[in-house]
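Here is a short report for a reader who is meeting this structure for the first time. Please look through the sequence and the model before reading on.

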Amino acid sequence: MPKKTSPSDPVETSPSTQTSSGLWEEVWAFFASMKVGLVLLLVLAFATGLGTIIPQNANYEWYTQTYGQGFATILYYLGLLNVYHSPWYVGLLGLLSLNLLVCSINRWNGLVRETRIPAELLSEDALPRMKVARTAKIRGSEEEIREKIRGLLRRRHYRTAMLEKGTTRMLYADKGRFGVFGSLITHISIVLILLGGLYGGLRGYRNSMAVNEGDSFTIPRTNFQVRVDDFTVKYRPDFRPQQYYSTLSILENGRETKRQTIYVNGPLVYQGYKFYQSFYGWTVDMQATANGGTTSISFKNPDYYQIPGTGWVVKMHAFIPDYDPQISTMYTRYASRTPLPNNPRVAYILYQNGAPVDAQVAELNKPITTPDQQAIFTFTGYREYTGLQVRQDPGLPLVYAGCILMIVGLFLSFYILPRRMWVAFKPQGDSTLVTLGGNGRKNNLGFEAEVEALLQDINS
Amino acid sequence: MFAYESMFFVVAFAGYLLATAAYFVYLAFKSEFAAKMGTILAAVGLVGHTVALVTRTVTAGHVPFTNMYEFTSSFAWGITLVYLGAERMFKNKVMGAFVMPVAMILIGVASVLPKDVEPLVPALQSYWLQIHVTTAIIAYGAFAVAFGLSIMYLLAERGRRVNPTGFVSTRLPEPAKLDLWSYRTISLGFPFMTLVILTGAIWAEKAWGQYWSWDPKETWSLITWFIYAVYLHARITYGWQGKRSAWMSFLGFLAVLFTYFGVNYLLSGLHSYAFNFLFNWA
């Protein structure tokens, strides 16, 4: 569809043909083009969708089993197993940022000009050709009509100015002029968010850890220690968890400097590091004796342990806090009646030379002997651990600044609708011919209605 | 309390159903009376629906935004709200025959979903959730209305080409108007869609320390945002209006539906790890 252009339209810079077509100009024009931006957005939308259809960052074995060796290899080399962090996806985001920046720079002068009161008059024949144009013959002298219109426009919160050239005078009026910066601000905000994300990804720290009550941990490049003093789960009457609480202490040189109970949605913040309540579970301790030696191990997750010097492997399969044989059917073998440790058991699987030999639910502190009497193992205790996410994201201020700017930009874009108009006057006997031309940018329809109402007010 | 909620839910369902029927009658026979009834029935349905949602909020002790039933119902509520606003603003009631069926289908879907009141899992206990979902209801409501308008556009545009005096051409408003209305509705939806994503990110940052984790739901909301961003830009700069615009709006709403239903029912199996990690604490 052909487009009518007028002085205050957002003009797209097209590669200029008359100037020397240097490489730099061509590259600049390429990035300034909105077409490139739109293609980038569409490609990004497609690639982003692909990343949700192909499960990301799964086990490579899973891919070969699901897609077959050949296809999985192709997907791997295309970066489709980790789309959002693959070089080409980050590259696309980089190109988009460049596009947004170049576009913003290109548009800056034009936008600033649009917010200023023009220095010169428009030619009178330009007015009827504008997006919204009206002529009306109104009884009254030029002076009288001009002041009346000026007053009416001011009452509608327009900024008005009289433009003069020789003896010709033209009335200029505009409203909502800062709205023109809306899209520019929105575009810059996207660049800020992407930069913040990149910076945080490169320089930030993130880790998740399971820590037993009473244990401490440190974080690289910091001088403090974190100790988990306590972990509790608050249950509802039906034993669904209501909230999880971990009490953490920060220690600097052995001295406690901060202590806080964290919960989901309520992290502890210390020196830019944030500690989030994230998950929880049970630690199961086990002792094994074989060939006269005793070893011990703590399981935080289901895991395998080879008893040293033997072919026996114990898998700690599950910790059952409140074992109830009544509800342990074939399918819910490891079901727990409540999450409270009222009747703790450990489900284990015993392997000999890689083959499963036995699977049982064991009581605590009851030694279990392997069938060949070679080894004895005992589950000696259990403790609840808390799962913490530790994050430090130096890009966060940039991201938040971007979020705020984006809201400001969109508000300006969609709710502050800029409109400007020029009004020329020509005396005709005892009347004045009023010619009005203007542009309401995104909302010419609303602008037109406003002009219509204005003309009616003059006549009344 | 539950009985009251069901009762008013039925009022809402019946209201939307009958409103849809009335709008169809208006479309078919140009009966002004039917059009008026459509508006009244939709409004009565909306009031009933509001009472049902408020009752549920009181019963459950939290805003009704946390499971499929609650959100689907709220989604239908948002569509009807934006629709009635659009009807007033654009002074056209034929739209009802294309938008109210969407609200009716959604409340129908809601009616067969499990309605148990679930206590909030810890991650959802945040006021950001309330802001997040409120903005989503408005954004999705607006996109649904734009979707109806775009379908009308496509029909009207074809109708005028194929048979300028036929049924479609005499019943539907002129295509240019439909195009403009759909643009204005999307202009309402887009800033809210942006807020949906931003508030979601802030909430995730507060709850898990990660404002963006590429989980399928947030990823699809971003895709939706991309599509409507292209719609808005192409329109202003290239004058992509009319047909192409209507198809973009159509596509955008499919992305909205996929974000809500597709992600939950089609992708969750693949991404069960992420979902377990984020949502299944218990």
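The sections below describe two sheets, a surface patch and the cysteines of this predicted model.

## The sheet E5-E6-E7-E8

In chain A, four strands form an open sheet in the order E5-E6-E7-E8, and the pairing is antiparallel. The edge strands of this sheet are strand E5 (216–218) and E8 of chain A, each of which pairs on one side only. From one strand to the next, the twist averages 25 degrees. As general background, the strands of a sheet pair through backbone hydrogen bonds, and they may do so in a parallel or an antiparallel way.

Strand E6 (residues 224–235) of chain A is joined to E7(A) over 11 bridges in the antiparallel sense, and within this pair Tyr235(A) stands opposite Pro241(A) in E7(A). E6(A) and E7(A) form a hairpin with five residues between them, and in its turn Phe239(A) has a positive phi of about 70 degrees.

## Strand E7 and its partner E8

How much of strand E7 (residues 241–252) of chain A is covered? This strand is mostly covered, since 10 of its 12 residues are buried.

E7(A) also pairs with strand E8 (residues 255–263) of chain A, again in the antiparallel sense, over eight bridges. Two of the facing positions can be followed by name: Leu248(A) has Gln260(A) in E8(A) as its bridge partner, while the bridge partner of Ile250(A) in E8(A) is Lys258(A). The hairpin of E7(A) and E8(A) has two residues between the strands, and Asn253(A) takes a positive phi near 50 degrees there.

## The sheet E12-E13-E14-E15

Chain A holds another open sheet of four strands, with the order E12-E13-E14-E15 and antiparallel pairing. Its edge strands are strand E12 (303–306) and strand E15 (355–362) of chain A, as each of them pairs on one side only. The twist in this sheet averages 25 degrees from one strand to the next.

At one edge of the sheet, E12(A) is joined by four bridges to strand E13 (residues 312–320) of chain A, and the two run antiparallel. Here Asp303(A) stands opposite Met316(A) in E13(A).

## A nonpolar patch on the surface

On the surface, Val90(A), Leu195(A), Leu198(A) and Leu202(A) form a nonpolar patch, and together these residues have about 370 Å² of accessible area. Helix H7 (residues 182–203) of chain A supplies the largest share of the nonpolar patch, with three residues.

Val90(A) lies in helix H5 (residues 87–115) of chain A. Is Val90(A) buried, partly exposed or exposed? Val90(A) has a relative accessibility of 36% and therefore counts as partly exposed, because that class covers values between the limit for buried, under 20%, and the limit for exposed, over 50%.

## The cysteines

How many disulfides does the structure hold over all chains? The count is zero. In general terms, a disulfide is a covalent bond that links the sulfur atoms of two cysteines.

Two cysteines can be described by how far they are covered. Cys103(A) counts as buried because its relative accessibility is 12%, and Cys403(A), at 7% relative accessibility, counts as buried too. Both assignments follow from the cut-off for buried residues, which is under 20% relative accessible area.

Key: Residues numbered from 1 in each chain as written. Chains lettered and ligands numbered in written order. Predicted model: local features only at pLDDT ≥ 70, side-chain atom pairs only at ≥ 80, totals over all residues. Heavy atoms only, no water. Patch = residues over 30% accessible without salt bridge, like charges linked within 9 Å, V, L, I, M, F, W, Y side chains within 5 Å. Areas by Shrake-Rupley, 256 points an atom, 1.4 Å probe, with all protein chains shown as cover. Salt bridge = Lys/Arg side-chain N within 4 Å of Asp/Glu carboxyl O. Buried < 20%, exposed > 50% of the residue type's maximum accessible area, 1.4 Å probe, protein only. Pairing = 2+ DSSP bridges. Disulfide = S-S within 2.5 Å. Axes fitted to C-alpha atoms, helices over the stretch in contact; angles between N-to-C directions.
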